[in-house]
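The following exercises invite the reader to examine a structure step by step. Each task is followed by a worked solution.

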Amino acid sequence: MNGAQSLIAAALREGIEVCFANPGTTELPLVLALDEAPGIRSILCLHENVATGAADGYGRMLSKPAMCLLHLGPGLANGLTNLHNARRAGTPLLNVIGEHATWHIEADPLLASNIEALAHTFSASTKRSTDAQSIAVNLADAVHATGIGGGGIATLIVPHDCQMADAGDEIPARRPIPKSSFSSANVSGAAKALRRGKSAILLGGVGLSEAGLKLAGRIAAATGADLLCDTFFARMERGGDLPTATRLPYFPDQALALARRYESVVLAGTRRPVAFFGYPGLPSYVTSEEQTVVLATRAEDVLGALEALAAELNAPNDIPQKQRTPLPAMPKGQLNTQSVAAVIARLQPENGIVMDEALTVGMAYFDSSQSAPRFSHLMLTGGAIGQGPGAATGAAIACPGRKVINFESDGCGAYSIQAFWSQARENLDVITIIGSNRSYNILNVEFERAGVKALGPIARSMTGLDHPYLDWVRIGEGFGVPSVAVDSAEGLARELENALARKGPRLIEAIMS
Ligand SMILES: Cc1ncc(C[n+]2csc(CCOP(=O)(O)OP(=O)(O)O)c2C)c(N)n1
Ligand SMILES: [Mg+2]
């Protein structure tokens, strides 16, 4: 085997099944190796940020890494925002970056750059193979690293000449990921806090899985604690008869007001909540130090800790069904934040996946969808916009039997339109709903909250997505996705029902009033 073949053989042994790729000359031996050893579904993405976003969506759904194959430093740089989001999500993800031949780097060819410097910003592990023989071991180490600490990103840089040289035939055996543990002292501390006074359990990571929510629901039933969830969770199982959680508000004043209701906030699978931005006069942390009680961090065994806590509190096995907010009525007329959310929540299918990157357009969706049928809810995790279309693509690859709804605000959507092409090419079941308010509305909201009374022409031009409007129907169609625009709740309901009844990707532009 040459180095490239040994890398692919090692990836197969490590259980890698999907590769989201945008290759160049330095990755061509790897592309050939993917052909020679079938077993890894390889998907061309027309922008690296779509590839990395797709690997994030895939990893969130399957808790195992997909591989991203990217071209040198510039290819990696293009994928950085969604690698940032994936790091925040705690997604296992494997990056393989082609590099110039070892002997050529010294001459500083045009595409050369400091790949390690880029990789270090988001990678739990970064490694450069220095010869063909070590590539398979390096690959196995990288995949292993993606499973440590609840999930992370590993980046392996493979020079072109190492890919081509003889690597021998040895592929290392797969090693089990060491099981994470939890602290019994933290369990006792959390039990004490929950018994003491009015408290909340703030859930993130695995705490928002079906098992996590059920355990938390039992603990809440035993103690009267409220359940909260991170504002920007990676994945939350929702709907059906699952316990519900209140989402920590985005704006820190509102989040602080909620947190102040509790004597203790017990953290399960997340960290002490931090305000999205620093606002003058407001603290960085949403909870005080005294209030904050750590049950288990994301890197620990969150389910084990919740189980031990439920046992310590003698929590009942059955969760009493709380009165649920009913689904909103099917709206009529103009499309606004409320009506778009209501239509989606009413029509989204059982066992669907909703990738939600809809900023102010989607503000009502979390509450509106509380009583929807069971679904997996994915959100933008790292605040770096342009994640949704890629992540929806990856989620659809990961879960072929499930409908994916990608609810996007127009500004966010415009970053990653190339994802539509991969959705069309792979005939993925992704329905993109663009909430088209034709502005970066969140920035207007921030101006308003900062007390800015009137915007000058430059500030207005920095927040308006008009002149010209984005023509989403032509954008979608241009990438091969059947697309339609609607401007009423009835129209959105009709088109969403149509899209749900069919296989394959669809785009619906919901033009807001
Ligand atoms: C990578 C990146 N670039 C820029 C920003 C700054 N930013 C945050 S929200 C936003 C606009 C979002 O507009 P849209 O998606 O239309 O949502 P709306 O506010 O209209 O609901 C921008 C530019 C960011 N968060 N991340
Ligand atoms: Mg917008």
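**Exercise 1: The magnesium site**

Asn437 has a relative accessibility of 22% and therefore counts as partly exposed. The model in which this residue is examined is a predicted one.

Task: Determine which residues coordinate the magnesium ion (ligand 2) and how these donors are spaced along the chain.

Solution. Step one is to list the donors: Asp410 (OD), Asn437 (OD1) and Ser439 (O) coordinate the magnesium ion (ligand 2) at 2.1 Å. Step two is to read their spacing along the chain, which is D-x26-N-x1-S. Step three is to consider accessibility: Asn437 is partly exposed, whereas Ser439, at 14%, counts as buried.

**Exercise 2: Helix 12**

Task: Identify which residues of helix 12 are buried, and state where they lie around the helix axis.

Solution. Helix 12 spans residues 252-259, and its buried residues are Pro252, Ala255, Leu256, Leu258 and Ala259. Viewed down the axis, these buried residues fall within an arc of 160°, so they line one face of helix 12. The buried residues pack against strand 8 (226-229) and strand 10 (246-247).

**Exercise 3: Cysteines**

Task: Explain why Cys68 and Cys399 form no disulfide.

Solution. A disulfide requires two cysteine sulfur atoms within 2.5 Å. For Cys68, the closest cysteine sulfur belongs to Cys19 and is 7.5 Å away, too far for a bond. For Cys399, the closest is that of Cys45, at 17 Å, which is also too far. Cys68 is buried, with a relative accessible area of 0%; Cys399 is buried as well, at 9%. By this rule the model has 0 disulfides.

Definitions and conventions: Residues are numbered from 1 along each chain as its sequence is written. Chains are lettered from A and ligands numbered from 1 in the order in which they are written. This is a predicted model: local features need pLDDT of at least 70, side-chain atom pairs count only at pLDDT 80 or more; totals for chains, interfaces and linings use all residues. Side-chain values use heavy atoms; hydrogens and water are left out. Buried means under 20% relative accessible area, exposed over 50%, partly exposed in between (1.4 Å probe, protein chains only). Helices (H or I, at least four residues) and strands (E, at least two) are DSSP runs, numbered from the N terminus. The arc is that of the directions from the helix axis to the C-beta atoms. Contact means heavy atoms within 4.5 Å. Donors are N, O and S atoms within 2.8 Å of the metal (3.2 Å for Na, K and Ca); water is not among the atoms, so sites may look incomplete.
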